[in-house]
Amino acid sequence: MEKIIETTNAFLVDEFEADAGLIKPGASLKEVLDLDSLDYIDLVVALESNFHFKVQPGDFLPLVTFSDFYNYIHAQIRKKEAA
């Protein structure tokens, strides 16, 4: 899980110009990254290219915090590995 967090934070800081100090497990994903609808598309592309799984429509609805986001990525990677 630590590798997921490191990789995720790195591309969020790089691609979304996020303040690394604000990226904390309980922080709001939308507020820290200042996401609008187009940014969500960029986030999906970044996820798919960094972790090699397809993001399904609606997957982001329950993701509120960075912890939710990390857990989602972890679950998708495990699902892909089990297939």
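User: Angles under 35 degrees count as roughly parallel, over 145 as roughly antiparallel, 65 to 115 as roughly perpendicular and the rest as oblique. Which of these fits H1 and H3?

Analyst: This is a predicted model, with residues numbered from 1 along each chain. Local features need pLDDT of at least 70 and side-chain atom pairs 80 or more, while totals for chains, interfaces and linings use all residues, and side-chain values use heavy atoms without hydrogens or water. The axes of the two helices (DSSP runs of H or I, at least four residues, numbered from the N terminus) come within 11 Å and cross at roughly 135 degrees. With axes taken as lines fitted to C-alpha atoms over the stretch in contact, and angles running from 0 to 180 degrees between N-to-C directions, H1 and H3 are therefore oblique.

User: Okay, and which residues of H3 make the contact with H1?

Analyst: Contact here is heavy atoms within 4.5 Å. From H1, the residues taking part are Ile4, Thr7, Thr8, Phe11, Leu12, Glu15 and Phe16. Their partners in H3 are Asp39, Asp42, Leu43, Ala46, Leu47, Asn50 and Phe51.

User: At what angle do H1 and H4 pack?

Analyst: H1 covers residues 2–16, and its axis lies 10 Å from that of H4. Ile4, Ile5, Thr8, Asn9 and Leu12 in H1 meet Phe66, Phe69, Tyr70, Ile73, His74 and Ile77 in H4. The packing angle is about 120 degrees.

User: Thr8 keeps coming up. How far apart in space are Thr8 and Leu47?

Analyst: Thr8 sits in helix H1 and is buried at 0% relative accessibility (buried is under 20%, exposed over 50%, partly exposed in between, with a 1.4 Å probe and protein chains only). Beyond its neighbours within four places in sequence, Thr8 touches Phe51, Phe69, Tyr70 and Ile73. Leu47 is 39 residues away from Thr8 in sequence, yet C-alpha to C-alpha they are apart by 8.2 Å.

User: Now the rings. At what angle are the planes of Phe60 and Phe69?

Analyst: The whole structure has six aromatic pairs, meaning rings of Phe, Tyr or Trp (its six-membered ring) with centres within 6.5 Å; planes under 30 degrees apart are stacked, over 60 edge-to-face and the rest tilted. Both residues are buried, Phe60 at 14% relative accessibility and Phe69 at 0%. Their ring centres are 6.2 Å apart, and the pair counts as tilted because the planes are at 35 degrees.

User: How many residues apart are Phe60 and Tyr72?

Analyst: This is another tilted pair, with centres 6.3 Å apart and planes at 45 degrees. It links distant parts of the chain: Phe60 is in the loop between helix H3 (37–51) and helix H4 (66–82), whereas Tyr72 is in helix H4. Tyr72 counts as buried at 9% relative accessibility. In sequence, the two are apart by 12 residues.

User: Which residues form one aromatic cluster?

Analyst: Both of those pairs belong to it: Phe60 with Phe69, and Phe60 with Tyr72. The full cluster is Tyr40, Phe53, Phe60, Phe69 and Tyr72.

User: Is Thr65 buried or exposed?

Analyst: Thr65 lies in the loop between H3 and H4. Leaving aside neighbours within four places, it contacts Pro25, Gly26, Ala27 and Leu29. At 17% relative accessibility, Thr65 counts as buried.

User: Last one: which residue forms a salt bridge with Lys54?

Analyst: The structure holds one salt bridge (a Lys or Arg side-chain nitrogen within 4 Å of an Asp or Glu carboxyl oxygen). Lys54 is exposed, at 58% relative accessible area. The closest N and O atoms are 3.8 Å apart, and the partner is Glu48.
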